[in-house]
Amino acid sequence: MTSLLLKNARIFDGANADCPEGMYLCISDGLIQEVSTKPISTSGARVIDVGGRTVMPGLIDAHLHAYCSDVSMQKIEAIGEPYRTAHAIRMLGHALDCGITTVRDIGGGD
């Protein structure tokens, strides 16, 4: 698996109130391998300058209704599965755009 090196990052780790800027973050095999204030040297890594943007853990939404588009179960059933699926895609895409990488759909989505 190719390594990924993020540079010029502002890092929020979820444990500290401050977010250091100008950081380097190396990810390999799906895991964070190193975080440093100094450049990290990795051969063959894909390098992305994140331009000072914040890198943070994905957020979790433990109560989401992605699949249900109305409070009336009769309306939800009547609109059909293709519409409910399209609605869920929009809702989950919006969640991902907001930094939410894990959801629990309380509304009955499978």
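Visitor: In which strand does Arg10 lie?

Guide: Arg10 lies in strand β1. Strands here are DSSP runs of E, at least two residues long, and helices are runs of H or I, at least four; both are numbered from the N terminus. The model is predicted, so local features need pLDDT of at least 70 and side-chain atom pairs count only at pLDDT 80 or more, while totals for chains, interfaces and linings use all residues. Residues are numbered from 1 along each chain as its sequence is written, and side-chain values use heavy atoms, with hydrogens and water left out.

Visitor: Why is Arg10 called partly exposed?

Guide: Its relative accessible area is 31%. Buried means under 20%, exposed means over 50%, and partly exposed is in between, with a 1.4 Å probe and protein chains only. The value of Arg10 falls in between, so the label is partly exposed.

Visitor: What is Arg10 in contact with, leaving aside its neighbours within four places in sequence?

Guide: Contact means heavy atoms within 4.5 Å. By that rule Arg10 is in contact with Cys19, Pro20 and Glu21, and also with Gly52, Arg53, Thr54 and Val55. Gly99 is 89 residues from Arg10 in sequence, and their C-alpha atoms are 15 Å apart.

Visitor: Asn8 also has a label. What makes Asn8 count as partly exposed?

Guide: Asn8 has 31% relative accessibility. That lies in the range for partly exposed, so the term applies. Asn8 lies in strand β1, residues 4-11. Its phi is positive, about 60°, although Asn8 is not a glycine.

Visitor: And what makes Asp29 count as exposed?

Guide: Asp29 reaches 54% relative accessibility. That value passes the limit for exposed. Asp29 sits in the loop between β2 (23-28) and β3 (31-36). Asp29 has a positive phi too, near 55°, and is a residue other than glycine.

Visitor: Why is Ala17 called exposed?

Guide: The relative accessible area of Ala17 is 79%. Set against the limit, that is exposed. Ala17 is found in the loop between β1 and β2. Thr85 is 68 residues from Ala17 in sequence and 39 Å away in space, C-alpha to C-alpha.

Visitor: Why does the structure hold 0 disulfides? Take Cys19.

Guide: A disulfide is a pair of cysteine sulfur atoms within 2.5 Å. The closest cysteine sulfur to that of Cys19 is in Cys98, 18 Å away, which is too far for a bond. Cys19 therefore fails the test. The count for the structure is 0.

Visitor: How do you know whether Cys19 and Cys26 are buried or exposed?

Guide: Cys19 has a relative accessible area of 19%. Cys26 has 5% relative accessibility. Both values fall under the limit, so both residues are buried.

Visitor: What makes His87 buried?

Guide: His87 has a relative accessible area of 13%. That is under the limit, so buried is the term. His87 lies in helix α2, residues 81-97. Residues up to four places away aside, His87 touches His65, Ala66, Tyr67, Cys68 and Ser69.

Visitor: Why is Leu92 called partly exposed?

Guide: Leu92 shows 38% relative accessibility. That value is in between the two limits. Leu92 is found in helix α2 as well. Not counting residues up to four places away, Leu92 touches Leu64, Ala66 and Val103. Val103 is 11 residues from Leu92 in sequence, at 8.4 Å from C-alpha to C-alpha.

Visitor: How many helices and strands does the protein chain have?

Guide: There are 2 helices and 7 strands. Along the sequence they run β-β-β-β-β-β-α-α-β.

Visitor: What radius of gyration does the protein chain have, against a compact globule of 110 residues?

Guide: The protein chain has 19 Å, whereas such a globule would be near 13 Å. The radius is taken over C-alpha atoms, and the globule rule is 2.2 Å times the number of residues to the power 0.38. The C-alpha atoms fill a box of roughly 60 × 30 × 20 Å along the principal axes.

Visitor: What share of the 110 residues counts as buried?

Guide: The share is 25%. Among contacts with a separation of 6 or more, 54% join residues 24 or more positions apart.
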